Amino acid sequence: MKLVIAVVQDKDSNLLSNALIKGGFRATKLASTGGFLRAGNTTFMIGTEDDKVQDVIHVIQANCKIREQLVTPVSPMGGTTDSYIPFPVEVQVGGAAVFVLPVERFEHY
Ligand code: 2BA
């Protein structure tokens with residue numbers, strides 16, 4: 001068994017939940033916060049059999065989009081703060097950051 005952990009954008013979380021249920025996968029959604037943007041995102045924990053991992057990844061890929069987001073750095077990249085004018089830069093967020101972990105033991109009562 002494997003545990004798939006996927007960090008996705010909030011905008012994709014309902015679509016992904018529905019697609020996982022439709023695909024017969026069990027999932028838990030956690031409210032999370034990105035360390036870089038400090039904005040809300042959603043973390044899915046999906047426990048599944050080894051041979052279904054690729055199917056789960058396909059469902060995630062099909063339901064999570066890449067989006068551009070503007071972020072204003074709080075300090076200059078390595079320079080002095082004299083005359084520093086914060087300038088928004090664009091970063092690409094998503095579709096999803098996916099981790100696949102081995103599960104040593106799973107019990108369900
Ligand atoms: P955040 O940490 O808020 O990152 C949002 C986006 O900002 C990232 O998109 C990436 O494009 C950019 N970014 C992040 N750290 C950066 C850095 N040090 N320098 C420049 N740009 C940076 P994604 O890579 O698609 O990540 C989306 C969210 O997925 C992340 O939100 C974080 O919550 C999670 N994530 C991504 N990689 C992770 C990892 N290796 N471990 C744990 N969580 C991860």
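## A first look around the model

L20 touches F25, A27, F44, I46 and V59, leaving out residues up to four places away in sequence. That is a handy way into this structure, which is a predicted model. L20 sits in helix 1, and with a relative accessibility of 1% it counts as buried, because the cut-off for that is under 20%. Across the chain from L20 there is also D55: the two are 35 residues apart in sequence, and their C-alpha atoms are separated by 9.9 Å.

**The overall layout**

Let's step back for a moment. The protein has two helices and six strands. Reading from the N terminus, the elements go β-α-β-β-α-β-β-β. There are 109 residues, and 28% of them count as buried. If you take the contacts between residues at least 6 apart in sequence, 66% of them join residues at least 24 apart. The accessible surface of the protein adds up to about 7,800 Å², and carbon and sulfur atoms account for 56% of that.

**The nonpolar core**

Now back to L20 and its surroundings. The largest nonpolar core is made of 15 residues, and L16, L20, F44, I46 and I60 are the ones with the most contacts inside it. Four elements each supply at least two residues of this core: strand 1 (2–9), helix 1 (10–22), strand 3 (40–48) and helix 2 (53–63). Helix 2 gives the most, with five residues. In soluble globular proteins, nonpolar side chains tend to be buried together.

What does I60 touch, once its neighbours within four places in sequence are left aside? I60 is in contact with V4, A6, L16, I46, A96 and V98.

**Around the ligand**

The model also holds a ligand, and the residues surrounding it are V7, G34, G35, F36, L37, N41, Q92, V93, G94, A97 and F99. Sorted by character, this shell has six nonpolar residues, five polar ones and no charged ones. Strand 5 (89–93) and strand 6 (96–102) each supply at least two residues of the shell.

Three residues place a polar atom by an oxygen atom of the ligand, and here they are side by side:

| Residue | Part of the residue | Distance to a ligand oxygen atom |
|---|---|---|
| G35 | backbone N or O atom | 3.2 Å |
| N41 | side-chain N or O atom | 3.0 Å |
| Q92 | polar backbone atom | 2.5 Å |

How much of the ligand's accessible area does the protein cover? On its own, the ligand has 750 Å² of accessible area, and the protein covers 51% of it.

**N41 and the strand beside it**

N41 deserves a second look. N41 lies in strand 3, and it counts as buried because its relative accessibility is 17%. Besides its place by the ligand, the side chain of N41 makes a polar contact of 2.6 Å with the side chain of S32. Not counting residues up to four places away in sequence, N41 touches V7, V8, D10, L30, A31, S32, T33 and G34.

S32 belongs to strand 2 (residues 27–33). Is S32 buried or exposed? S32 counts as buried, because its relative accessibility is 18% and the cut-off is under 20%. With residues up to four places away in sequence left out, S32 touches A39, G40, N41, T42 and T43.

A31 also lies in strand 2, but A31 is exposed, with a relative accessible area of 83%. A31 and N41 are ten residues apart in sequence, and their C-alpha atoms are 6.4 Å apart in space.

**Two backbone oddities**

Most residues other than glycine have a negative phi, and most peptide bonds are trans. Two spots in this model depart from that habit.

One is R38, which is not a glycine yet has a positive phi of about 55°. R38 is found in the loop between strand 2 and strand 3. R38 counts as exposed because its relative accessibility is 66%, with the cut-off at over 50%.

The other is the peptide bond joining G94 and G95, which is cis, with omega at about -5°. G95 is placed in the loop between strand 5 and strand 6, while G94 is one of the residues surrounding the ligand.

Key: Residues numbered from 1 in each chain as written. Predicted model: local features only at pLDDT ≥ 70, side-chain atom pairs only at ≥ 80, totals over all residues. Heavy atoms only, no water. Core = buried A, V, L, I, M, F, W, Y, C linked by side-chain atoms within 4.5 Å. Buried < 20%, exposed > 50% of the residue type's maximum accessible area, 1.4 Å probe, protein only. Contact = heavy atoms within 4.5 Å. Near = heavy atom within 4 Å. Polar contact = N/O pair within 3.5 Å; in protein donor to acceptor, adjacent residues only side chain to side chain. Areas by Shrake-Rupley, 256 points an atom, 1.4 Å probe, with all protein chains shown as cover. Nonpolar A, V, L, I, M, F, W, Y, C, P; charged D, E, K, R; others polar.
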